[in-house]
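The following exercises are to be worked with the sequence and the coordinates at hand. Each task is followed by a solution in steps.

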Amino acid sequence: LISMIPRDELRRAVYRLLSSAVNRVGCEINHILEHRHLSGTLQFVCGLGPRKAVGLMTSVRSKGGRLEQRCELITKLGMGKNVYINCSGFLRIRRRGLLRNAEDTDILDSTRIHPESYDTAIA
């Protein structure tokens, strides 16, 4: 049956399905950095695409190999503001080990809550 579907139509359907699934679940970027075979999922994150996903992975690897907070996407990696706004809600950042204190990290970075909504989530 699958051979009866035109290749372009099948490709578009698979792309939509992967985009929907990845954005519904989100991506834990440090986990992807540790397991290179998962890096293909980043291209389906809203706001990235294949070139920006590869650029993001290359940037992170060249600047330490890990992210501790979402804001480092802008401050450490120089990601553009519009790209950050589009993709940050779908990228989760979890730290290894236990937190030393409450100021150690923004716990909301490990959720799918968009950084623009942090104030509302805390209230």
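**Exercise 1. Confidence and layout**

What pLDDT does the protein average, and what share of the residues score at least 70? Then locate the helices of lowest and highest confidence.

*Solution.* The model is predicted, and confidence is therefore the starting point. The average pLDDT of the protein is 84, and 91% of the residues reach at least 70. Confidence is highest in helix 1 (residues 7-25), with a mean of 92, and lowest in helix 6 (residues 118-122), with a mean of 79.

Next, list the elements. The protein has six helices and two strands, and from the N terminus on they follow the order α-β-α-α-α-α-β-α. The C-alpha trace spans about 60 × 35 × 30 Å along its principal axes.

**Exercise 2. The nonpolar core**

Identify the residues with the most contacts inside the largest nonpolar core, and state which helix gives the most to it.

*Solution.* Begin with the membership: the largest nonpolar core holds 23 residues, and Leu42, Val45, Leu56, Leu73 and Leu91 have the most contacts inside it. Then assign the contributions. At least two residues of this core come from each of helix 2 (29-34), helix 3 (50-62) and helix 5 (81-87). Helix 3 gives the most, namely four residues.

Finally, examine one member in detail. Leaving aside residues up to four places away in sequence, leucine 56 touches Ile29, Leu42, Leu48, Leu73, Leu77, Met79 and Leu91. For the protein as a whole, 34% of the 123 residues count as buried. Among contacts with a separation of 6 or more, 52% join residues 24 or more positions apart.

**Exercise 3. Cysteines without a disulfide**

Why does cysteine 46 form no bond with the closest cysteine sulfur? Repeat the analysis for cysteine 71.

*Solution.* The criterion is a pair of cysteine sulfur atoms within 2.5 Å. For cysteine 46, the closest cysteine sulfur belongs to cysteine 87 and is 9.5 Å away, which is too far for a bond. For cysteine 71, the closest cysteine sulfur is also in cysteine 87, at 13 Å, again too far for a bond. A search of the whole structure accordingly gives zero disulfides.

Accessibility completes the description. Cysteine 46 is partly exposed, at a relative accessible area of 36%, and cysteine 71 is partly exposed at 36%.

**Exercise 4. An aromatic pair**

How many aromatic pairs does the count come to? Classify the geometry and state which parts are tied together.

*Solution.* The count comes to one aromatic pair. The ring centres of tyrosine 15 and phenylalanine 44 are 5.2 Å apart and the planes stand at 55 degrees, so the pair is tilted. Because tyrosine 15 lies in helix 1 and phenylalanine 44 in the loop between helix 2 and helix 3, the pair ties together parts 29 residues apart in sequence. The partners may also be compared by accessibility: tyrosine 15 is partly exposed, at 42%, whereas phenylalanine 44 is buried, at 12%.

**Exercise 5. A loop glycine**

Is glycine 64 buried or exposed? Give also its place in the chain.

*Solution.* Glycine 64 is in the loop between helix 3 and helix 4 (72-75). Its relative accessible area is 65%, and the residue therefore counts as exposed. Glycine 64 and lysine 76 are twelve residues apart in sequence, with a C-alpha to C-alpha distance of 9.9 Å.

Notes: Residues are numbered from 1 along each chain as its sequence is written. This is a predicted model: local features need pLDDT of at least 70, side-chain atom pairs count only at pLDDT 80 or more; totals for chains, interfaces and linings use all residues. Side-chain values use heavy atoms; hydrogens and water are left out. pLDDT is the predictor's confidence in each residue, from 0 to 100. Buried means under 20% relative accessible area, exposed over 50%, partly exposed in between (1.4 Å probe, protein chains only). A nonpolar core is a set of buried Ala, Val, Leu, Ile, Met, Phe, Trp, Tyr and Cys residues joined through side-chain atoms within 4.5 Å. Contact means heavy atoms within 4.5 Å. Rings of Phe, Tyr and Trp (its six-membered ring) pair if their centres lie within 6.5 Å; planes under 30 degrees apart count as stacked, over 60 as edge-to-face and the rest as tilted.
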